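Q: Could you take a close look at how one pair of neighbouring helices packs together, and then carry on to some of the residues and helices around it? Please explain each term as it comes up.

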Amino acid sequence: AEDFVSQMRTYFQDNLNKRPYANEEPLRSELFTSGQMEKYGKTLAETHRLSTERGKDRVLRRLAENEKTLFEVQALLTDEDSLEAQITPAGEWLVDNFYLIEEQIRTAKRHLPKGYSENLPKLANKRAAGLTRVYDIALQIISHSDGRIDIDSLSSFVKSYQTVKHLKLGELWAIPIMLRLALIENLRRVSAKIAIDRIDFKLADYWAKRLIETAENEPRDLIITVADLTRSRPPLVSPFIAELTRQLSGKGPGLALALSWIEQRLSESGLTSIELISAENQKQAADQVSVKNSIDSLRLLSAMDWRDFVEEHSVVENILRKDPSGIYPRMDFTTRDQFRHVVEHVSQKSKLSEEEVAQIVLRLAEERAQANSINDRQAHVGFYLIGKGLMETRKAAKIPQTLFNNIRFMMRRRALFLYLSAVFVLTSVLTAGVYYFIRSEELGKMVLAAILLLAFISISQLVITLVNFLSTLIVKPRLLARMDFSEGIPSEFKTLVIIPSMLTN
């Protein structure tokens with residue numbers, strides 16, 4: 001039994017040490033209040049330096065390593081045949097809520113496709129080189145809150161951070177998933193320590209039972225058993241010492257020799273069993289709090305609607321809301337999000353930031369409002385994002401005009417002409433084919449003309465169906481911009497809808 005437990009400890013510890021990030025401590029730094037977290041946001045932003053190089057996606061690899069470790073620890077904690085020692089409170093939390101952890105890992109994989117983080121800004125700091133900025137932000141938030149996420153504190157932190165450096169739209173949307181990944185990582189770090197402690201508990205349990213059994217049945221052989229314990233060189237760490245002392249204390253004077261040996265070995269390192277037992281109790285309490293906070297925070301992340309959070313902290317959103325026509329703030333969320341993603345796309349194609357692109361769109365709309373009126377369609381920011389004014393936005397952003405883009409914009413402007421031309425040309429070609437097959441027949445001109453006319457009309461129906469089908473394959477659907485009338489239709493937008501119908505009597 002001793003050899004089995006010792007081998008298990010060696011295997012499990014070595015297996016963890018071979019993995020990346022294996023020896024990282026749980027995310028526990030100085031706990032910050034909401035006010036301190038707000039100040040720290042500004043401090044962290046001042047220290048962040050962005051890398052100009054495009055890095056590989058390390059987040060998915062990290063998630064895979066975390067998942068593997070968590071499942072191994074869960075199997076170890078629930079293996080009753082090999083480990084019968086009492087489970088720690090943190091271990092109980094982990095086992096009882098492991099279904100939630102599995103669900104969150106699946107959610108993270110679903111919302112984190114391959115290459116997702118490659119387009120997010122990376123850090124050049126030595127401490128977190130190559131790590132995405134938003135993931136480092138998530139790690140710092142978890143670290144200074146011991147895994148407990150508070151939405152008000154998080155909001156204050158992001159606002160403070162953006163007084164120094166603005167986060168991109170993609171980073172704001174990534175905050176929930178990155179917080180989820182950071183919490184999973186924190187659970188992995190804690191659970192790896194729990195697993196090693198669990199094996200140390202079992203090793204102490206083995207020696208305690210052996211010593212007690214020897215003291216009761218073969219008291220004269222007790223010194224030999226203590227010598228065996230000494231030769232086995234057990235790990236004199238707090239879990240082992242705490243469990244062994246707990247079981248041997250008060251079990252008779254015969255076991256005092258084992259306790260004396262422990263105290264002697266610890267004194268060589270300047271420690272006592274009381275100090276280690278106290279340290280073990282504190283560690284178990286800290287682990288329990290960390291696991292509980294992380295699991296509660298995972299539940300909170302799943303229950304929250306992050307749309308309001310993103311809009312509240314989006315710099316692009318705050319700029320577009322200054323729409324001179326006053327229409328943008330009154331549109332529904334889907335439309336506003338569509339506008340913001342166009343700003344993000346233009347920024348990626350140009351050398352400008354998202355904030356600068358949004359300022360260009362606002363400037364174009366304001367110029368049109370001053371030239372005409374705020375009721376002009378071109379005084380609305382949407383005209384320069386999803387309307388015909390998008391070409392002006394791209395030019396102002398100095399995006400290189402390729403032949404493909406010029407053809408695409410031309411086709412969009414002449415969509416009806418191209419559609420009707422395609423129908424007419426195809427119909428004419430097929431009608432000409434009909435004429436080719438019947439022209440040798442002895443038919444009069446009037447009869448031939450009538451046949452071709454009927455053929456043209458019939459073929460046109462087939463061609464229209466064919467062109468419509470091909471159009472759905474070639475042209476991507478675009479959502480129509482919509483107003484938000486969920487709380488009622490404002491008086492200025494009310495109208496009368498007249499449906500003409502025929503009366504039969």
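A: Helix α8 (residues 169-217) and helix α9 (residues 222-232) pack at an angle of about 165°, and their axes lie 9 Å apart. Here a helix is a DSSP run of H or I with at least four residues, numbered from the N terminus, while an axis is a line fitted to C-alpha atoms over the stretch in contact, with angles running from 0 to 180 degrees between N-to-C directions. That angle makes α8 roughly antiparallel to α9, a term used for angles over 145 degrees. This is a predicted model, in which local features need pLDDT of at least 70 and side-chain atom pairs count only at pLDDT 80 or more, whereas totals for chains, interfaces and linings use all residues. Residues are numbered from 1 along each chain as its sequence is written, and side-chain values use heavy atoms, with hydrogens and water left out.

The crossing of α8 and α9 is right-handed, meaning that the near helix is turned clockwise from the far one by less than a right angle. On the α8 side the contact (heavy atoms within 4.5 Å) is made by W207, R210, L211, T214 and A215, and on the α9 side by L222, T225, V226, D228, L229 and S232.

Helix α8 also has a part in covering another helix, since the buried residues of α4 (residues 89-96) are covered by elements that include α3 (59-77), α5 (98-111), α8 and α12. Those buried residues are A90, G91 and L94, where buried means under 20% relative accessible area, exposed means over 50% and partly exposed lies in between, computed with a 1.4 Å probe on protein chains only. Seen down the axis of α4, they fall within an arc of 100°, so they line one face of the helix; the arc is that of the directions from the helix axis to the C-beta atoms.

Helix α12 (residues 273-303) holds S297, which counts as buried because its relative accessibility is 3%. Apart from residues up to four places away in sequence, S297 touches G147, R148, I149 and L183. E280 is also placed in α12, and at 1% relative accessibility E280 counts as buried. Leaving aside neighbours within four places in sequence, E280 is in contact with F201, S238, P239 and A242. R299, found in α12 as well, counts as partly exposed because its relative accessibility is 33%. With neighbours within four places again left aside, R299 is in contact with N97, Y99 and L100.

Definitions and conventions. Helices (H or I, at least four residues) and strands (E, at least two) are DSSP runs, numbered from the N terminus. Angles under 35 degrees count as roughly parallel, over 145 as roughly antiparallel, 65 to 115 as roughly perpendicular and the rest as oblique.
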